[in-house]
Amino acid sequence: MQSIKQELQNLVDEEYAKFNQKLCPDTKKQMLGIRIPKLRKLAQKIVKEGNWQEFLKQADDTYFEEVLLQGLVVAYSKLEIDEKLEYVKWFVPQIDSWAISDTFCPTLKIKSKDLEKVWNFILPYLHSTKEFEVRFAVIMMLDYYLTEEYIDLVLQQLDQISHEGYYVKMAVAWTIAEIGVKFNEKAMQYLQSENHLDKFTFNKALQKMRESYRIEAEQKEILKKMKR
């Protein structure tokens with residue numbers, strides 16, 4: 001364990017730490033200043049060496065990067081889905097930043113055969129009182145469930161989220177904007193319906209759609225007029 005802590009210290013970049021702190025004002029943890037590709041490489045090394053469970057047992061949450069490293073180790077671990085979800089359940093409460101959530105989720109690489117099980121796993125988190133647990137679930141939907149099979153369920157679930165956290169609202173808006181790109185008709189029907197989005201989230205979703213180069217100019221004008 002000491003060697004991994006030393007490896008983290010060897011990767012420290014103080015100037016990057018200052019830059020990253022500005023990008024992640026949500027975290028209360030100390031920043032070492034280690035770039036994500038280097039953390040990924042270290043996580044893959046830990047998993048490959050086979051001592052990753054021991055690392056998770058001994059790792060602490062003093063540093064932002066050490067917490068993210070734990071998540072990456074869980075994500076890269078070669079486990080069947082039931083066992084992996086037990087580790088995900090252990091890790092999610094440690095998420096205290098959009099950057100940890102948004103790096104961890106896509107790294108999990110959920111297989112198509114496991115989508116239903118993972119869907120049922122993430123649903124309770126959408127109604128958590130903890131901001132980053134909700135964000136975790138929303139980002140999971142963004143990363144894996146914007147598909148023909150799940151899109152209606154995603155919109156239904158997004159419409160039921162009531163958490164007031166800024167990073168939840170931004171995640172919901174981002175996801176709706178992505179739906180606007182991939183399932184434009186469904187997104188427009190939802191936005192023009194009597195949905196339950198608060199004013200901030202609704203307008204932010206419109207903004208993100210208008211900022212997308214994948215949305216036609218004519219529709220951007222329509223979206224502009226829809227602002228609450």
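# Reading the calls in a predicted model

Guide: This is a predicted model. Start with Q70, which lies in helix α5, residues 64–76.

Visitor: Why is Q70 called buried or exposed, whichever applies?

Guide: Q70 has 1% relative accessibility. Buried means under 20%. Q70 therefore counts as buried.

Visitor: Which residues does Q70 touch, beyond those up to four places away in sequence?

Guide: Q70 touches F55, L56, A59, D60, W90, F91 and Q94.

Visitor: What makes the approach of the Q70 side chain to the backbone oxygen of D60 a polar contact?

Guide: The side chain of Q70 reaches that backbone oxygen of D60 at 2.9 Å. The cut-off for a pair of N or O atoms is within 3.5 Å, with one able to donate a hydrogen and the other to accept it. The pair therefore counts as a polar contact.

Visitor: Now the helix pairs. How do you know whether α5 is roughly parallel or antiparallel to α6?

Guide: The axes of α5 and α6 cross at roughly 165 degrees and come within 9 Å. Angles over 145 degrees count as roughly antiparallel. So α5 is roughly antiparallel to α6.

Visitor: Is the crossing of α5 and α6 left-handed or right-handed, and which residues make the contact?

Guide: The crossing is left-handed. From α5 come V67, Q70, G71, V74, A75 and Y76. From α6 come K84, Y87, V88, W90 and F91.

Visitor: How many residues of each class does the contact of α5 with α6 have?

Guide: The contact has eight nonpolar, two polar and one charged residues. Gly counts as polar, and G71 of α5 is one of the contact residues.

Visitor: What makes α6 and α8 parallel or antiparallel?

Guide: The axes of α6, residues 81–91, and α8, residues 115–122, cross at roughly 25 degrees. They come within 11 Å. Angles under 35 degrees count as roughly parallel. So α6 and α8 are roughly parallel to each other.

Visitor: What is the hand of the crossing where α6 passes α8, and which residues meet?

Guide: α6 passes α8 in a right-handed crossing. In α6, I81, D82, L85, V88 and K89 take part. They meet K117, V118 and F121 in α8. By class, this contact has five nonpolar, no polar and three charged residues.

Visitor: On to L191. Why is L191 called buried or exposed, whichever applies?

Guide: L191 lies in helix α12, residues 184–191. The relative accessible area of L191 is 4%. The cut-off for buried is under 20%. L191 is therefore buried.

Visitor: Which residues is L191 in contact with, leaving aside neighbours within four places in sequence?

Guide: L191 is in contact with I176, L197, F202, L206, M209 and M226. I176 is 15 residues apart from L191 along the chain, and their C-alpha atoms are separated by 8.9 Å.

Visitor: Next, the loop between α7 and α8. What makes the phi of K109 worth a look?

Guide: K109 has a positive phi of about 50 degrees although it is not a glycine. Most residues other than glycine have a negative phi.

Visitor: Why does K109 count as buried or exposed, whichever applies?

Guide: K109 has 64% relative accessibility. Exposed means over 50%. K109 therefore counts as exposed.

Visitor: And how do you know whether S112 is buried or exposed?

Guide: S112 is also placed in the loop between α7 and α8. S112 has 65% relative accessibility, so it counts as exposed by the over 50% cut-off.

Visitor: What separates the C-alpha atoms of S112 and Q207?

Guide: They are separated by 32 Å, and the two residues are 95 apart along the chain.

Notes:
Residues numbered from 1 in each chain as written. Predicted model: local features only at pLDDT ≥ 70, side-chain atom pairs only at ≥ 80, totals over all residues. Heavy atoms only, no water. Helix = DSSP H or I, 4+ residues; strand = E, 2+ residues; numbered from the N terminus. Buried < 20%, exposed > 50% of the residue type's maximum accessible area, 1.4 Å probe, protein only. Contact = heavy atoms within 4.5 Å. Axes fitted to C-alpha atoms, helices over the stretch in contact; angles between N-to-C directions. Parallel < 35°, antiparallel > 145°, perpendicular 65-115°, else oblique. Left-handed = near helix turned anticlockwise from the far one by under 90°.
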